[in-house]
Amino acid sequence: MATFKALLVGGPAAIRDEDRVQRTHSLTEAIKHHHYGGYEHFRHAGDFTSVDGEETAVFEWTARTAIAE
């Protein structure tokens, strides 16, 4: 299965730069990033950029949810 390089844009400033570049199997499903007792949600809106010379899908922050207990 192919993977795509993804750049997480927006959301909390406390997300480290190195955590903002990830791999994903889908451009249509949201990426849930675990962050300080919750999840930050990011969705691909169709934009691409270049990161380290590689085409990278831009995932924009959409919401934060708490972890269910």
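The paragraphs below walk through this structure, from its overall form to some individual residues. Keep in mind as you read that the model is predicted.

Let us start with the whole protein. It has zero helices and five strands, and along the sequence these follow the pattern β-β-β-β-β. For 69 residues, a compact globule would have a radius of gyration near 11 Å, and the value of 12 Å found here agrees with that. The C-alpha atoms fill a box of roughly 40 × 25 × 20 Å along the principal axes. Buried residues account for 29% of the 69 residues. If you take the contacts between residues at least 6 apart in sequence, 39% of them join residues at least 24 apart.

Now look at how the strands sit side by side. They form an open sheet of five strands in the order β2-β1-β5-β4-β3, and the pairing is mixed. Which strands stand at the edges? They are β2 (21–24) and β3 (31–35); each has a single partner strand, so one side of each is left without a neighbour in the sheet. From one strand to the next, the twist averages 40°. In general, strands of a sheet pair through backbone hydrogen bonds, either parallel or antiparallel. Here, β4 and β5 pair in the antiparallel sense, over eleven bridges. One place to find β5 from across the way is phenylalanine 42, which stands opposite tryptophan 61 in β5.

Phenylalanine 42 also belongs to the largest nonpolar core. This core has seven residues: Ala6, Leu8, Ile15, Ile31, Phe42, Ala57 and Phe59. Strands β1 and β5 each supply at least two residues of the core. Alanine 6 is a good residue to linger on. Setting aside residues up to four places away in sequence, alanine 6 touches Ile31, Ala57 and Phe59, along with Arg20, Val21, Gln22, Thr24 and Thr56.

Charged side chains add another set of links, and the structure holds five salt bridges. One of them joins lysine 5 and glutamate 54, at 3.5 Å from N to O. Lysine 5 lies in strand β1 (residues 4–9) and glutamate 54 in strand β5 (residues 54–66), so this pair ties together parts that are 49 residues apart in sequence. Are the two partners buried or exposed? Lysine 5 is buried, with a relative accessible area of 12%, while glutamate 54 counts as partly exposed at 29% relative accessibility.

Another salt bridge links glutamate 40 with arginine 64, and the closest N and O atoms are 2.4 Å apart. Glutamate 40 is in strand β4 (residues 38–51) and arginine 64 is in strand β5, so the pair ties together parts that are 24 residues apart in sequence. At 1% relative accessibility, glutamate 40 counts as buried, whereas arginine 64 is partly exposed, with a relative accessible area of 40%. Salt bridges that share partners also join Lys5, Arg23 and Glu54 into one network.

A further salt bridge is made by the side chains of arginine 16 and glutamate 18, at 3.6 Å from N to O. Arginine 16 is partly exposed, with a relative accessible area of 47%, and glutamate 18 is exposed, with 53%.

Glutamate 40 and arginine 64 appear again around histidine 35. Leaving aside neighbours within four places in sequence, histidine 35 is in contact with both of them, and with Pro12, Ala14 and Ile15. Histidine 35 lies in strand β3 and is buried, with a relative accessible area of 10%.

To finish, turn to the loops. Most residues other than glycine have a negative phi. Tyrosine 36 is not a glycine, yet its phi is positive, at about 45°. You will find tyrosine 36 in the loop between β3 and β4, where it is exposed, with a relative accessible area of 66%. Aspartate 52, also a residue other than glycine, has a positive phi near 55°. Aspartate 52 is in the loop between β4 and β5, and it is exposed, with a relative accessible area of 75%.

Terms used
Residues numbered from 1 in each chain as written. Predicted model: local features only at pLDDT ≥ 70, side-chain atom pairs only at ≥ 80, totals over all residues. Heavy atoms only, no water. Salt bridge = Lys/Arg side-chain N within 4 Å of Asp/Glu carboxyl O. Helix = DSSP H or I, 4+ residues; strand = E, 2+ residues; numbered from the N terminus. Buried < 20%, exposed > 50% of the residue type's maximum accessible area, 1.4 Å probe, protein only. Core = buried A, V, L, I, M, F, W, Y, C linked by side-chain atoms within 4.5 Å. Contact = heavy atoms within 4.5 Å. Pairing = 2+ DSSP bridges. Axes fitted to C-alpha atoms, helices over the stretch in contact; angles between N-to-C directions. Rg over C-alpha atoms; globule rule 2.2 N^0.38 Å.
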